[in-house]
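Let's take a walk through this model together, one feature at a time. Keep the 3D view open beside you as you read.

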Amino acid sequence: MRDRFYMQMALALAARGRGRTLPNPMVGAVVVREGRVVGRGWHECYGGPHAEVNALDAAGAAAQGATLYVTLEPCNHTGQTPPCTRRILAAGIRRLVVATRDPNPGVAGGGHAFLQARGIEVVTGVCAAEAARLNEAFNHFIRTRRPFTILKCAATLDGRIATRTGSSRWVTGEASRRHVHELRHEAAAIMVGINTVRSDDPRLTTRLEGGGGVDPTRVILDTALSINPGAKVLQQGAERPTIVVTGPGVSAERREAVTAAGGQLLAAPLDKGRIDLRWLMAQLGAMGLASLLIEGGSQVAGAALRAGVVDKLCLFYAPKLLGGDDGIPICSGEGPALMRDSLPVRIQAVHRFGDDLMVEAYPQGPRTAADAD
């Protein structure tokens, strides 16, 4: 129980780095000596000191003979920063308690083995499930080299994201929309289709209460490169770029107009006349984009689900009904002919934002004939 208490404290510290550490993980650390917390720290931003270093710096000489609680196995290799294992050893830590091992199979266990061989007691697996969920995007990216992809949509209770005229402001309330900006803050990239750009002219930036949010890289699916060079999404002048993904055969004139407006072009192969999303996920991963938030619209949502690139769902439902069959559905395109071929989903939690509900869930992959028996 004591170990869980301090590890939960470390996990809360780790979460303070949300949105600022990718493609590194969120990590928290707590130094405890004789039942008293003498140092706290977390990984505050990519390229900055790791959580263990910040906590040990805060503890100073009090770290001698203490226990270090850390949410992820300390690194034993040199990357953006020196190995944390050497810093732990030099600080005189007597006992190390870790939530999860490093997900990278090439280095997993190396930090633990290094410290154990030098007389430090190592305990692993404390609050492991909570730690893995906190870093689900990082863990997925390290194992697959593809972004952890969240599909977000806002719909009425009868499953419509807009009316027949395209009116969608606003489906959900302010509390839900604030949370969407938190999702944007956490994501390395955000993706929409060209129809969303045409109808809403969004900025696709992060606007948190009190400011300070991190803007994601913007990805626009535009097979024919029909985007208006004056679109707001091209005019941000932000640190992260706007990538416009096109199909083959786009005219040089159109390409020059979009690049002059600030867009970066990425030519993609097509799958049944649409951008090949599996190929695109591999390209985004190669760019170091560890997570992706898909925000719309219905054609993109349907295509992403059919391509099997969605790792998580955040489905917001407002207490409204359109009451017709002519609004725009959550997904469009061809679905399965039989209910047994539907995509099974595991619901993780249901959250309330004002009057709205958000279903947090994970697709489980397509069912097989054996599953249906």
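In this predicted model, a good place to begin is the pairing of strand S4 (residues 95-100) with strand S5 (residues 121-124), which run in the parallel sense and are joined over 4 bridges. To get your bearings on that pairing, find Val98, whose bridge partner in S5 is Thr124. Between S4 and S5 the chain passes through helix H4 (residues 110-116), and this β-α-β crossover is right-handed.

Follow the chain on from S5 and you enter the loop that leads to helix H5 (128-134), where Cys127 sits. The backbone of Cys127 deserves a look: its phi is near 60 degrees, a positive value in a residue other than glycine. Is Cys127 buried or exposed? Its relative accessible area is 3%, and because that lies under the 20% cut-off, Cys127 counts as buried.

Lys272 makes a nice companion case. Its phi is also positive, at about 55 degrees, although Lys272 is not a glycine. You will find Lys272 in the loop between strand S12 (270-271) and strand S13 (274-275). Here the relative accessible area is 82%, which is over 50%, so Lys272 is classed as exposed. A glycine with a positive phi can be seen as well: Gly60, just after helix H2, has a phi of about 60 degrees.

That brings us to H2 itself, which spans residues 51-59 and has Ala51, Glu52, Asn54, Ala55, Leu56 and Ala59 as its buried residues. What covers these buried residues? The cover includes strand S1 (28-33), strand S2 (36-42), strand S3 (67-72) and helix H3 (84-91).

While you have S1 in view, step back along the chain into the loop between helix H1 (2-14) and S1, where Pro23 lies. The peptide bond from Leu22 to Pro23 is cis, with omega near 10 degrees. Another cis peptide bond joins Gly296 and Gly297, with omega at about 0 degrees. Gly297 belongs to the loop between strand S14 (291-296) and helix H11.

Before moving on to H11, pause at Thr246 in strand S10 (residues 242-246). With a relative accessible area of 0%, Thr246 is buried. Which residues is Thr246 in contact with, leaving aside its neighbours within four places in sequence? They are Asp222, Thr223, Leu225, Arg255, Leu265, Leu266, Ala267, Ala268 and Ile275.

Our last stop is the second largest pocket, with a volume of about 740 Å³. Its lining is made up of 29 residues, and Leu305, Arg306, Pro336, Ser342 and Leu343 are the ones that lie nearest its centre. The elements that give two or more residues to this lining are helix H11 (298-307), strand S15 (312-318), strand S17 (345-353) and strand S18 (356-363). Which of them gives the most? That is H11, with 5 residues. Sorted by class, the lining of this pocket holds 17 nonpolar, 8 polar and 4 charged residues.

Note on methods. Residues are numbered from 1 along each chain as its sequence is written. This is a predicted model: local features need pLDDT of at least 70, side-chain atom pairs count only at pLDDT 80 or more; totals for chains, interfaces and linings use all residues. Side-chain values use heavy atoms; hydrogens and water are left out. Two strands pair if DSSP finds at least two bridges between them. A crossover is right-handed if, with the strands pointing away from the viewer, the path from the first strand over the helix to the second runs clockwise. Buried means under 20% relative accessible area, exposed over 50%, partly exposed in between (1.4 Å probe, protein chains only). Contact means heavy atoms within 4.5 Å. On a 1 Å grid over the protein atoms alone, a cavity is a set of points where a 1.4 Å probe fits but cannot get out, and a pocket is an open set with protein on both sides within 12 Å along at least five of seven lines; lining residues have an atom within 4 Å of a point. Grid points are joined across faces, edges and corners, and a volume is the space filled by probe spheres set on the points. Ala, Val, Leu, Ile, Met, Phe, Trp, Tyr, Cys and Pro count as nonpolar, Asp, Glu, Lys and Arg as charged, and the others, Gly among them, as polar.
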